[in-house]
Amino acid sequence: MAAAPQAPGRGSVRKMRPLTVKTSLNNPYTICWSALEREDMHFILQTLEDTFKSTGLEKIEDKRRNKKQPFSKKQGREKCSMDVDTSEDPEKKPEGNQQVSGWTSVHVRKQLAIGVNEVTRALERNELLLVLVCKSVKPAIITSHLIQLSLSRMVPACQVPRLSERIAPVIGLKCVLALGFRKTTTDFVDAVKAIIPRVPSLSVPWLPGRREDSRENSESDSLENEDKEILDTSFEDLSKCRKRPIEGQQAVELQPLKIKKLIPNPNKKRKPPKSKKTTSK
């Protein structure tokens, strides 16, 4: 007799899920800060340290405010009784020996841009004369955007080693990752004039370098002559004109974006389950 047909097995082969691949577009150019010579580094740090000490700029923090004391019922009762007493007595003024928390000179503080965020905002508004960045910043991407931003605003900028280590204690801060001097400064004019010649020039492939003063003067004269010619010509002639290439300017070689494919969590590591807290009744 013929054998009866058998039912298909219940255990089927488990299909593997396709790997999720994410594509990212990256910058093909490598941008980095120009190297600063050792002598220039010591000169810049010493000049800044002497200037800040002469101006007397420092941030004073009240340590009593930072300390948080645990709150208890007894303290709450004492506080209520103290509120009744203080409402009757006049307010006590702080003693003359006690230092108020804050900057010693607000006028001098407004001439500076301290911190990466403040320096970035000031550069975007074109309010700075000089930008100095600490080399010990990690990761480096925190300050890398300041390279092309300062170059687009024609502001000299450089990376100074030990900037935060030397300047932060003088000002009364924990760290100084970026420091900018505003155009309205009056107390730091001599320091800025002494530091700018020692700042190395930056280079970005898609932005031209800094122009020299002589070149700016010659170009300004040529622009004035072109403006006079434009006023004499008619609108139809202007529409036919094309932009002339600037002499001495190198053509920018554009490169395609780098395409990278990333596999999130390639080892398929799962997060450990959260332990449930046993509630005691």
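R162 lies in the loop between β6 and α7. In this predicted model, R162 has a positive phi of about 65° although it is not a glycine. R162 is partly exposed, with a relative accessible area of 43%. Backbone geometry of this kind recurs elsewhere in the chain and is taken up again below, after an outline of the fold.

## Overall composition

The protein chain has ten helices and eight strands. It contains 281 residues, and 25% of them count as buried. The accessible surface is about 23300 Å², with carbon and sulfur atoms contributing 52% of that area. Among contacts with a separation of 6 or more, 89% are between residues 24 or more positions apart.

## Helix α1

Helix α1 covers residues 38–55, 18 residues in total. Its end C-alpha atoms are 26 Å apart, and this agrees with the 26 Å that should be spanned at 1.5 Å a residue. The buried residues of α1 are D40, M41, I44, L45, T47, L48, E49, T51 and F52.

Why might buried positions recur at intervals along a helix? An α-helix has 3.6 residues a turn, so residues three or four places apart point the same way. In α1, the buried set includes M41, I44, L48 and T51.

Against which elements do the buried residues of α1 pack? The strands are β4 (112–114), β5 (128–134), β6 (157–160) and β7 (178–182); the helices are α7 (163–171) and α8 (189–195). G56 follows α1 and has a positive phi near 75°.

## Helices α5 and α6

Helix α5 runs over residues 116–124. Its buried residues are V116, E118, V119, T120, A122 and L123. They pack against α4 (106–109), β4, β5, α6 and β7. Strands β4, β5 and β7 also appear among the elements that pack against the buried residues of α1.

Helix α6 runs from 141 to 152, and its buried residues are T143, L146, I147, L149, S150 and L151. The cover over these residues includes α5, β5 and β6. Helix α6 in turn is among the elements packing against the buried residues of α5.

The loop between β5 and α6 holds P139. A cis peptide bond joins K138 and P139, with omega about -5°.

## Positive phi and cis bonds

Most residues other than glycine have a negative phi, and most peptide bonds are trans. The table lists residues of this model with a positive phi.

| Residue | Place | Phi |
|---|---|---|
| G56 | follows α1 | near 75° |
| N126 | just after α5 | about 60° |
| M154 | just after α6 | about 60° |
| R162 | loop between β6 and α7 | about 65° |

M154 is not a glycine and lies in the loop between α6 and β6. It is partly exposed, with a relative accessible area of 39%.

## Strand β6 and Q159

Q159 is found in strand β6. Is Q159 buried or exposed? Q159 is buried because its relative accessible area of 17% falls under the 20% cut-off. Leaving out residues up to four places away in sequence, Q159 touches W33, L36, V133, C134 and K135. Of these partners, V133 and C134 fall within β5, residues 128–134. Strand β6 also takes part in the packing around the buried residues of α1 and in the cover of α6.

## L257 and the N-terminal segment

L257 is located in the loop between α10 (235–240) and β8 (258–262). With a relative accessible area of 51%, L257 counts as exposed, because the cut-off is over 50%. Which residues does L257 touch, apart from those up to four places away in sequence? They are L25, N26 and P28. The C-alpha atoms of L257 and Y29 are separated by 8.9 Å, with their positions 228 residues apart along the chain.

## Second largest pocket

Rolling a probe the size of a water molecule over the atoms shows where empty space is left. The second largest pocket has a volume of about 440 Å³. It is lined by 13 residues, and R17, P18, L19, K268 and R270 are the closest to its centre. By class, the lining has six nonpolar, two polar and five charged residues. K268, R17 and R270, among the residues closest to the centre, belong to the charged class.

Notes. Residues numbered from 1 in each chain as written. Predicted model: local features only at pLDDT ≥ 70, side-chain atom pairs only at ≥ 80, totals over all residues. Heavy atoms only, no water. Helix = DSSP H or I, 4+ residues; strand = E, 2+ residues; numbered from the N terminus. Buried < 20%, exposed > 50% of the residue type's maximum accessible area, 1.4 Å probe, protein only. Contact = heavy atoms within 4.5 Å. Areas by Shrake-Rupley, 256 points an atom, 1.4 Å probe, with all protein chains shown as cover. Expected span 1.5 Å × (residues − 1). 1 Å grid on protein atoms, 1.4 Å probe; cavity = no way out; pocket = protein on both sides within 12 Å on 5 of 7 lines; lining within 4 Å. Points joined across faces, edges and corners; volume = space filled by probe spheres on them.
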